[in-house]
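Q: I should like to learn how the features of a protein model are read. Could we work through one together, beginning with its strands?

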Amino acid sequence: MNIQAEFAELNEMTPSVCSYLNIDPQTEPYEQKGTLASEYGEGQFSFIRLRDGMELQLSDMIWREDVTFDMGVRYPHLELALNIEGSGCWSAEGQRGEISSESGSAQLVYFNDIRIHAEHRKNKRIVHAELRMDARLWQPLFQELGVRMEKPFFCFEDLIGPKLQVLVQQLRSCPYGGSTKRLFLEGKCLELLASFIYEANDSRVRKSFSLKTEDINKIYSARDILLQTLAHPPSLLALSRKISLNDNKLKIGFKEVFGMTVFEFVRQQRMEKARLLLENGSLNVSQAASLVGYNNFSHFAALFKKTYGVNPSNYARDVAKT
């Protein structure tokens, strides 16, 4: 299935996508919310106009068919995209190569008068958040990022770190309504953007510090292996052999590239996967803990509370109420 769209302004984006939604009429004036039409799949969308030139999109969906998006973006468009669960790929016209959007990754992208092609696979859950901004209203950010507005494209990718994970969860479980909700979401989105830029700049400094491009690519391969083996990850020595990199260089390089040790990364990703399992509602806390590699329930509960500020049992109960 192919979806095509042309956008000359930010406020044109929401209505065009909504043709694939069953819109809930009982929403706030600044919000369009609903479910994906059954002939296309299942899931929920929410488009929230935070202010002129700034929109938040939240989605949790499964497409019934492979779907492609072909879009033309003619106005200067800045987007912070957070891929919480699931994966996909996309490319920008005239730019080299395809960009992969993996689970747990965040991308800050700038589009200006350019065409975009994106693909999502059927029967794969996608949990996604996007903060879209009219770049003409956010010009000071470009000096901070070292981006020239006359260029058609810019993309920087980083992991969704622990702080960003907490902020995204606060966006997805906002307890307020009315104008208070809009104010809360706008504040959290600005905090999210500031945190990403700070962490991304810090990450770029670390990556340029001492590692060769070949070593960085191997370290990203190590990350991918860890994401695929969270419940039973290989030892540092076994991991280094898998990617053909000295274990000491892997240990030091992983910290430089991702800002955390291999152990910290595995723990962070386990917590996020457990949170998503509890949010899905199909497993109880003990089952979720076991599935991500924790046999000691007390240890798991303590780590979960340290990460998200709430006991996992209480979190599962609160999610079930919503």
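A: Certainly; one definition comes before the rest. Two strands pair if DSSP finds at least two bridges between them. In this predicted model, β5 and β12 pair in the antiparallel sense over 8 bridges. One position in this pairing is Leu56, which stands opposite Leu131 in β12.

Q: In what order do the 8 strands of the open sheet lie?
A: The order is β2-β3-β4-β5-β12-β7-β10-β13, and the pairing is antiparallel. At the edges are β2 (21-23) and β13 (153-159), each of which pairs on one side only. On average, neighbouring strands of this sheet are turned by 20 degrees against each other, direction ignored.

Q: How many bridges join strand β3 to β4, and how many join β4 to β5?
A: Strand β3 (residues 31-36) is joined to β4 by 5 bridges, and the two run antiparallel. Here Gly34 stands opposite Phe45 in β4. Between β4 and β5, which also run antiparallel, there are 10 bridges. In this second pairing, Gln44 has Asp60 in β5 as its bridge partner.

Q: What is found between the strands in the hairpin of β4 and β5?
A: There are 2 residues between the strands of that hairpin, in which Gly53 takes a positive phi near 80 degrees.

Q: Why is strand β5 described as largely enclosed?
A: The reasoning rests on a cut-off: a residue is buried when its relative accessible area is under 20%. In strand β5 (residues 54-63), 9 of the 10 residues are buried, so the strand is largely enclosed by the rest of the structure. The argument also applies to strand β7 (residues 77-85): 8 of its 9 residues are buried, so β7 is largely enclosed by the rest of the structure.

Q: Which way does β7 run against β10, and which way against β12?
A: Strand β7 runs antiparallel to strand β10 (residues 105-111), with 7 bridges joining them. Leu78 stands opposite Tyr110 in β10. Strand β7 also runs antiparallel to strand β12 (residues 126-134), to which 8 bridges join it. In β12, Leu131 is the bridge partner of Leu80. Leu131 has already appeared opposite Leu56.

Q: How should a single residue in a strand be read, and is Ser46 buried or exposed?
A: In a regular strand the side chains alternate between the two faces of the sheet. For the case in hand, Ser46 belongs to strand β4 (residues 41-51). Ser46 has a relative accessible area of 7%, so it is buried. The side chains of Ser46 and Glu31 are joined by a polar contact of 2.6 Å.

Q: Which strands form the open sheet of 5 strands?
A: That sheet has the order β1-β6-β11-β8-β9, and its pairing is mixed. Its edge strands, each pairing on one side only, are β1 (2-7) and β9 (99-101). From one strand to the next, the twist averages 20 degrees. Within the sheet, β1 pairs with strand β6 (residues 67-73) in the parallel sense over 6 bridges. Ala5 stands opposite Met71 in β6.

Q: How is empty space found, and how much of it lies in the second largest pocket?
A: Rolling a probe the size of a water molecule over the atoms shows where empty space is left. The second largest pocket holds about 700 Å³ of space. It is lined by 35 residues, and the closest to its centre are Met71, Ala118, His120, Glu130 and Arg132. By class, this lining has 20 nonpolar, 11 polar and 4 charged residues. Met71 is the residue that stands opposite Ala5 in the pairing of strands.

Q: What does the sign of phi show, and what is the phi of Asn123 and of Ser244?
A: Most residues other than glycine have a negative phi. Asn123 has a positive phi, near 60 degrees. Asn123 lies in the loop between β11 (114-120) and β12, and its relative accessible area of 55% makes it exposed. Ser244 likewise has a positive phi near 60 degrees. Ser244 lies in the loop between α6 (236-243) and α7 (247-258), and Ser244 is exposed, with a relative accessible area of 54%.

Technical notes
Residues numbered from 1 in each chain as written. Predicted model: local features only at pLDDT ≥ 70, side-chain atom pairs only at ≥ 80, totals over all residues. Heavy atoms only, no water. Helix = DSSP H or I, 4+ residues; strand = E, 2+ residues; numbered from the N terminus. Axes fitted to C-alpha atoms, helices over the stretch in contact; angles between N-to-C directions. 1 Å grid on protein atoms, 1.4 Å probe; cavity = no way out; pocket = protein on both sides within 12 Å on 5 of 7 lines; lining within 4 Å. Points joined across faces, edges and corners; volume = space filled by probe spheres on them. Nonpolar A, V, L, I, M, F, W, Y, C, P; charged D, E, K, R; others polar. Buried < 20%, exposed > 50% of the residue type's maximum accessible area, 1.4 Å probe, protein only. Polar contact = N/O pair within 3.5 Å; in protein donor to acceptor, adjacent residues only side chain to side chain.
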